[in-house]
Amino acid sequence: MTPQPSSLNLVDNFHRQLSYLRLSITDFCNFRCHYCLPDGYTANAGKRPDNELSVSEIDVLIQAFAKLGTTKVRLTGGEPSIRQDLPRIIELAKQTQGIQTVAVSSNGYRLAKHLSDWQTAGLNQLNISIDSFDPTIFKQITGFDILPTLLKDIDKLLATTDIKLKLNGILMADTAFDNLQSVLSFVKNRPVTYRFIEFMQTSDNKALFFAQHSSGQRIKDFLLENGWQSQRRASDAGPAIEYRHADYVGGIGLIEPYAPQFCDSCNRLRVSSQGKVHLCLFDNGSYDVRAFLANGDVDGLVHALQRLMPIKPEHHLLKQNDSGIMANLSMIGG
C-alpha cells in the first residue's frame, strides 16, 4: 500500500526535513567546461529547448513546495541567466509566502548587465563558478576569456548590492594548490566565501574524473593547521562546511560528496527544467509532476511530493562509481 501523507511537511524515512528546493529553469549552458560540457551543449541539436517550465508552472511548483515547509529556493541550470524572464522568476519566488531565501547559481557571464534587475527582483544569494583565478586556465576550462571582466563585475556587486555572494570551484588535482593560494588572497579583504567542490563523476566525465579527482581532505588539513575554524551550518544551507579565520574578511568552504556521512543531513530536493523531481542528484530515476503544474494543481502536487518521501534514498552511490542517470551536471544544476 502506498503511504499517505499525514501532515504538510517533507520528511523522508531517515527523519530528514527537506526545506530546500533546487530548481533548474534550463539545462542549456553557454559555457564548455571540460568537466561538464566539454563539447558544449549537445542536447536538442545544440539549441536551447522549447519545453522549459513556464513562469506560471514555476509559480505552481514553488507554491506547493512552500506549503510543504520549503524556505529556500535556488534557481539553477544549465545557465539560468540565459532566460530573460529570470528576474520575474526570482520575484515570484521571493513573493511566495514561506520562502525566505531566493538564490541563483550562475557562471557569471555578463554579470554586470544583470545585477540591477536581480537586486530589484529581491535576489538574496548568488553563487558564481570560478574554477581558476588564472585567466589562461579559466579560458581552458570554460572556453571563455572573461575572467578579468568577471572579477571586476564581482567587485561591483560587492560595492553596490546587498546580494550575498559565494564563489564555487571544482577541486582538481592539477590546480588545487595554486587555486588555494589565489583564494586566500581573494577572500582576505572581501566578504565572500569560496567553496571547493570535490570533482564528482558522471557518465560523461569518467576519464577526466579518474585523472583529476582530489580529496577535499587536503584543503581541510591546510585550513585547520593554519588557524581556520569550521562554522555551524544553517538549517537551510547546502552541504558545504565553511571555515573562518580572524585575519580574513571572507571564508573558505568545502563540499565533499565522497566523505562519510555526507548525505546524513540532506535537506534538498531537485526539480528539472522539464518538471521532473529528482530525489537525489545521482538517483536512477525521476518523477514527472508537470501535469500538476500545467493544471495549476497545487494541492495535488503537495500530495504527490509527500508520497515520494518514503523512497528518497539514504545516500548516493558515488563511491561505487555509480552516478545514476546523471550524464552531466548541467542536467539538473549540480
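Start by selecting helix H10, residues 298-308, in this predicted model. H10 is mostly covered, with eight of its eleven residues buried. Colour the buried ones to see them: Val298, Gly300, Leu301, Val302, Ala304, Leu305, Gln306 and Leu308.

What lies over those buried residues of H10? Show H1, strand E11 (276-278), strand E12 (287-288) and helix H9 (290-294), which are among the elements that cover them.

Next, keep H10 on screen and bring up H1, residues 55-67. The axes of these two helices, H1 and H10, come within 9 Å and cross at roughly 55 degrees. Is H1 roughly parallel or oblique to H10? Angles under 35 degrees count as roughly parallel and 65 to 115 as roughly perpendicular, with oblique used for the rest, so at roughly 55 degrees H1 is oblique to H10. The crossing of H1 and H10 is right-handed. To see who touches whom, show side chains for Val60, Leu61, Gln63, Ala64, Phe65 and Lys67 on the H1 side, then add Val298, Asp299, Leu301, Val302 and Leu305 from H10. Sorted by class, this contact of H1 with H10 has eight nonpolar residues, one polar and two charged. Notice that Val298, Leu301, Val302 and Leu305 also turn up in the list of buried H10 residues.

Now move to another helix pair: select H3 (residues 111-121) and H5 (residues 147-160). Their axes come within 9 Å too, and they cross at roughly 20 degrees. With the cut-off for roughly parallel being under 35 degrees, H3 and H5 are therefore roughly parallel to each other. H3 passes H5 in a right-handed crossing. Pick out Leu111, Ala112 and Leu115 of H3, then Leu150, Asp153, Ile154, Lys156 and Leu157 of H5, as these residues make the contact. By class, the contact of H3 with H5 has six nonpolar residues, no polar ones and two charged.

Time to look inside. The largest nonpolar core has 86 residues, and Leu126 and Leu167 are those with the most contacts within it. Which helix gives the most to this core? That's H1, with seven residues.

Zoom in on Leu126. Setting aside neighbours within four places in sequence, Leu126 is in contact with Val104, Ser106, Leu111, Trp118, Leu157, Ile163, Lys164, Leu165 and Lys166. Two of those names may ring a bell: Leu111 and Leu157 also belong to the contact of H3 with H5.

Finish with some backbone oddities. Most residues other than glycine have a negative phi, and most peptide bonds are trans. Here are places to check against that.

- Go to His15, in the segment before strand E1 (20-24). His15 isn't a glycine, yet its phi is positive, about 65 degrees. Buried or exposed? His15 is exposed, with a relative accessible area of 72%.
- Then select Ala45, in the loop between E1 and helix H1. Phi of Ala45 is near 55 degrees, again a positive value in a residue other than glycine. Ala45 is exposed as well, with a relative accessible area of 71%.
- Last, select Gly77 and Gly78 and look at the peptide bond from one to the other: this bond is cis, with omega near 15 degrees. Gly78 is in the loop between strand E2 (72-76) and helix H2 (86-95).

How values were computed: Residues numbered from 1 in each chain as written. Predicted model: local features only at pLDDT ≥ 70, side-chain atom pairs only at ≥ 80, totals over all residues. Heavy atoms only, no water. Helix = DSSP H or I, 4+ residues; strand = E, 2+ residues; numbered from the N terminus. Buried < 20%, exposed > 50% of the residue type's maximum accessible area, 1.4 Å probe, protein only. Axes fitted to C-alpha atoms, helices over the stretch in contact; angles between N-to-C directions. Parallel < 35°, antiparallel > 145°, perpendicular 65-115°, else oblique. Left-handed = near helix turned anticlockwise from the far one by under 90°. Contact = heavy atoms within 4.5 Å. Nonpolar A, V, L, I, M, F, W, Y, C, P; charged D, E, K, R; others polar. Core = buried A, V, L, I, M, F, W, Y, C linked by side-chain atoms within 4.5 Å.
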